[in-house]
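Please go through the ligand site and the domains of this protein with me. Short questions and plain answers will do.

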Amino acid sequence: MKLCYQNIQIIDLVNDWHKQDKIIAFIPTMGGLHQGHLSLIDIAKQKADKVIVSIFVNPAQFDKNEDLDRYPRSLNADLVELEENVDSVFIPNVKQIYPNGISKYVDVGMIGRILCGKTRPYFFNGMIQVVEILFKIVRPNVAIFGQKDYQQLLVIKQMVKNLSLDIYIESGEIIREKSGLAMSTRNQYLSENDAKIAANLYRILTYVKHEVLQNKKIDVVKKMAEFDLKQYFKLDYLEVLDANTLKQITDNTCQIIILSAVFLGSVRLIDNIIFLKRNNYV
Ligand code: AMP
């Protein structure tokens, strides 16, 4: 496994691999690796000859009052996890990624302005900047992202389309704890008791799916679920939408997504469930 700290190191490595006609898969992360990240590596290995993981805690996607300083960093443990698993790890510093500073405004498109984009407007702005820069440095054939951050996935797909990048975007299913709680680096902030409470998010999303599949009226189901969520969390949003467009479900919808974001104390949790529309749920 080759460690690259400088852009030029990864550029040279990737150039060599491209010359050898290797297919290169890329997984951007902020470190603090868990099974969710590792599942994306498994997908990458099936798709490509060479697998690159980046570890970069991106300051551009944190608001001033967010947790940039205390975001869990565990580089040594991460490298042990990656050692036998990937071909290279790219670990740039902020100067390497943003030699000209961070842009204040980047167009994240309609999909980036709703849901999480409303509550955390800086987030997609910063995320899209780093992904575009990383893509231009690493030049992979395929990049893999988790469905846990479903809106992020759609924003990235849109960016790739807008910029006509020849990078295939693949996604991996959400990996969960036994309790149903979606794995996340930020779960480290949760006490044992909070982690138990947090599992209610998935339980309630599962209930919504069940009711929607029973043809119950979405507005009614949503109201019930919102009431239930508020027993445990401060609700940011709960939506039942078309999974391709993140707009209201129509006759043309083929996949439905239930998405929610909630706060448990100061920890923000997001989760979603995607399923095929079997009937007319409008
Ligand atoms: P992060 O390090 O949190 O920026 O995440 C890096 C990548 O891992 C993103 O594409 C995430 O969507 C993905 N990811 C994070 N948690 C999970 C999970 N529980 N299951 C699947 N993918 C995940």
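The questions below deal with the ligand and then with the domains. This is a predicted model, in which local features need pLDDT of at least 70, side-chain atom pairs count only at pLDDT 80 or more, and totals for chains, interfaces and linings use all residues. Residues are numbered from 1 along each chain as its sequence is written, and side-chain values use heavy atoms, with hydrogens and water left out.

Student: How many residues surround the ligand?
Tutor: A residue counts as near if one of its heavy atoms lies within 4 Å of the molecule. The closest are His37, Gly146, Asp149, Ile175 and Met183. By class, the shell has seven nonpolar, six polar and three charged residues, where Ala, Val, Leu, Ile, Met, Phe, Trp, Tyr, Cys and Pro are nonpolar, Asp, Glu, Lys and Arg charged, and the others, Gly among them, polar. The number surrounding the ligand is 16.

Student: How far from an oxygen atom of the ligand does a polar side-chain atom of Asp149 lie?
Tutor: For His37, a polar side-chain atom lies 2.9 Å from a ligand oxygen. Gly146 has a backbone N or O atom 2.9 Å from an oxygen atom of the ligand. For the polar side-chain atom of Asp149, the distance is 2.5 Å.

Student: Which element gives the most residues to the shell around the ligand?
Tutor: Elements are DSSP runs numbered from the N terminus, with helices (H or I) of at least four residues and strands (E) of at least two. Those giving two or more residues to the shell are strand 2 (24–29), strand 5 (142–146) and helix 2 (35–47). With three residues, the one that gives the most is helix 2.

Student: How many residues of domain 2 are in contact with domain 1?
Tutor: An automatic or database assignment sets the domain bounds, giving domain 1 (2–172) and domain 2 (185–274). Their C-alpha centres lie 26 Å apart. With contact meaning heavy atoms within 4.5 Å, 22 residues of domain 1 meet domain 2 residues numbering 20.

Methods
Polar contact = N/O pair within 3.5 Å; in protein donor to acceptor, adjacent residues only side chain to side chain.
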